[in-house]
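Below are some notes on the packing of this model and on the contact between its chains. Please read them beside the coordinates.

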Amino acid sequence: MAKTLFEKIWDSHKVDEIDGRSLIYIDRHMVHEVTSPQAFDGLRINKRRVRRPDLTFATMDHNVPTTNRSLPIADQISAMQIKTLEKNCQEFGIPLFGLDSPYQGIVHVIGPELGITLPGATIVCGDSHTSTHGAFGAFALGIGTSDVEHVLATQCLVLDKPKTFEIRVDGKRKNTHAITAKDIILSIIKKIGTAGGNGTVLEYRGQAISDLSMDERMTMCNMSIEGGARAGLVAPDQKTFDYLGGRKYTPKNYDELVEKWKDTLKTDDGAKFDKSFAIDASQIIPQVSWGTNPSMTADVTESVPDPAEFAKGDSSQEIAAKNALQYMDLKSGTPITDIKIDRVFIGSCTNARLQDLVEAASIIKGRKASPNVRVMVVPGSQQVKKKAEEMGLDKIFKDANFEWRESGCSMCLGMNPDILSRGERCASTSNRNFEGRQGAGGRTHLVSPIMAAAAAIAGHFVDVREWV
Amino acid sequence: MVSSIVTPLDRPNVDTDQIVPKQFLKLVQRTGFGKFLFHDWRFDQNNTPKKEFVLNDSKYTGSHILVSGDNFGCGSSREHAAWAIKDYGFDVVIAPSFADIFYNNCFKNGILPISLPKEIVNDLMKTDSVVHVDLASQTIQYNSKSIHFDIDGSRKKTLLEGLDDIAITLQHENKITSFEKNHVL
């Protein structure tokens, strides 16, 4: 019978059934400092071991400082969480890319970078943006701490089989610099809503997806969770196989595996998806979020919408939009390009890979940040930082008065000192514009890296198509 | 069986960043998160309770049932959200729909998430009567109404019997070991 890519991965990882649910084998488990301490405690209390420390990889990213790493961590509680991860990794024999490692970085940036992420694999992490790894044709999902403990102890998860949801992106983008993967995924979430993908695994297909680089596909899959999906994936192709060749953890028999994957890791002709949605890439233009969830997003040429118009008759959505405008201090009818900003954040597991930084830098050469705007650039990993510096990107950013910092999650969720002050408005390349996400009372507008960089220069949002 | 008045939180898309803001994720234990539940909605900048927020209305003190809008628990996978809800005193959350990761986290922490049609949820939000939730019979009773709810049989068993998921999986260890022998990645 014809199968979708997801169904093939699911079937090939099913170990057993438990009470009508499936016991699924997990190939790779990524661990970080915030959602793991209670899981390790659980193992100790029950005198359990980590079944496969060789398939488990840890780093610290959520609350690490992005300032000078040679200094001690000022926040004692953060320091404690980081120390706890070090101790746990040592006790259970798990490889750790710690603060002083050249491979440290955001867990979803380093997984692919190190060749830990592989096509056809099942990958979990105690973080919702684990969906990022789906860009390589893996089934990758975020889990809670109890499930982190479950995977540490058993290398398996008990799951209900998600439904399949085809997302077709046909056509070609009109401008491959100004219109990015971020604009495609925001356009999709705007249409399907924040719960549109609940209970499903998205498969992104079509010409515009094939055209994307691996860095761009990761941006797409990363935000699958913002559409409510369990995971998102793209079938692997030559770009995928080339990306993963020769990395630190790439398997020794990689070429042999690739030959097998080429034949098997794709959705069969005639396979049926439970749901389908299609969008034409040629119609997509730069996006800017105006509200407090990622579906509250507009074209850069539009104005802040009227709540009733946005809600289309759904009263709870109308109230939500009204609350959002109040929180964001925005008025209906204000052109998006009239919105002035105080801060810019270029970073996060959504948009802090090399290509993101290259695109952002391309637009600021010879320009300066608006004097009213503070700009932070936070590379996704130490490897990204190193490569960017080899290309001289750090100099371009610094010349424009952009801060060039150490790698971590930083102001995407503001667990470390990188936060917005109350009332500050930020153009952010991250993934969530929830109330208070980047700091209590802070206001977040989601955009692509090139849109964020252009806004930093202008002091307000601009249609970056006019610049490139 | 849980019997109490319900706490209505009439908003869609209540995300886990609101349930527990990130400044409280630095603890390394599972307990004590109740005081941070809905922190930024519940308290102002000086940590004074905001009168207009539902949890600060003394009428709802002692409520064990939270009722909210669509897509409850969306966003981050942080299980701290479930820990905070349970620690605050809620044993049941009722909404038209839930985000997947949060829904799963509830069962791991003795919280029963119930999804019901929007009309019923809206009606529940309006009632001041005591609501009785019985997992064994999968019914909700209030104001002489009786409503059936669906739940996966294995999850129901886990909640009713308080089973250790890991111990159950480890009963299948032979299967896991033989799977590993033939698995290539």
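1. In this predicted model, the largest nonpolar core (buried Ala, Val, Leu, Ile, Met, Phe, Trp, Tyr and Cys residues joined through side-chain atoms within 4.5 Å) has 165 residues. Those with the most contacts inside this core are A:Ile188, A:Tyr204, A:Phe397, A:Phe402, B:Ile19, B:Phe38 and B:Phe72. Helix α16 of chain A (residues 449–458; a DSSP run of H or I, at least four residues) gives the most to it, with eight residues.

2. A second, separate core has 22 residues, including B:Val2 and B:Phe149.

3. A:Thr122 is in strand β6 of chain A (residues 122–125; a DSSP run of E, at least two residues). A:Thr122 counts as buried (under 20% relative accessible area, 1.4 Å probe, protein chains only) because its relative accessibility is 1%. A polar atom of its side chain lies 2.9 Å from the backbone nitrogen of A:Asp27.

4. Chain A brings 77 residues to the contact and chain B 53 (heavy atoms within 4.5 Å). The buried area (accessible area lost on being put together, 1.4 Å probe, summed over both parts) is about 5,200 Å², with 51% from carbon and sulfur atoms. B:Lys22, B:Lys26 and B:Leu185 supply 15% of the area that chain B buries against chain A.

5. Between the chains there are 13 salt bridges (a side-chain nitrogen of Lys or Arg within 4 Å of a carboxyl oxygen of Asp or Glu). One of them joins A:Asp75 and B:Lys26, at 2.6 Å from N to O.

6. Residues are numbered from 1 along each chain as written, with chains lettered from A and ligands numbered from 1 in written order. Local features need pLDDT of at least 70, side-chain atom pairs count only at pLDDT 80 or more, totals for chains, interfaces and linings use all residues, and side-chain values use heavy atoms, without hydrogens and water.

Conventions: Buried < 20%, exposed > 50% of the residue type's maximum accessible area, 1.4 Å probe, protein only. Polar contact = N/O pair within 3.5 Å; in protein donor to acceptor, adjacent residues only side chain to side chain. Buried area = accessible area lost by both parts, 1.4 Å probe.
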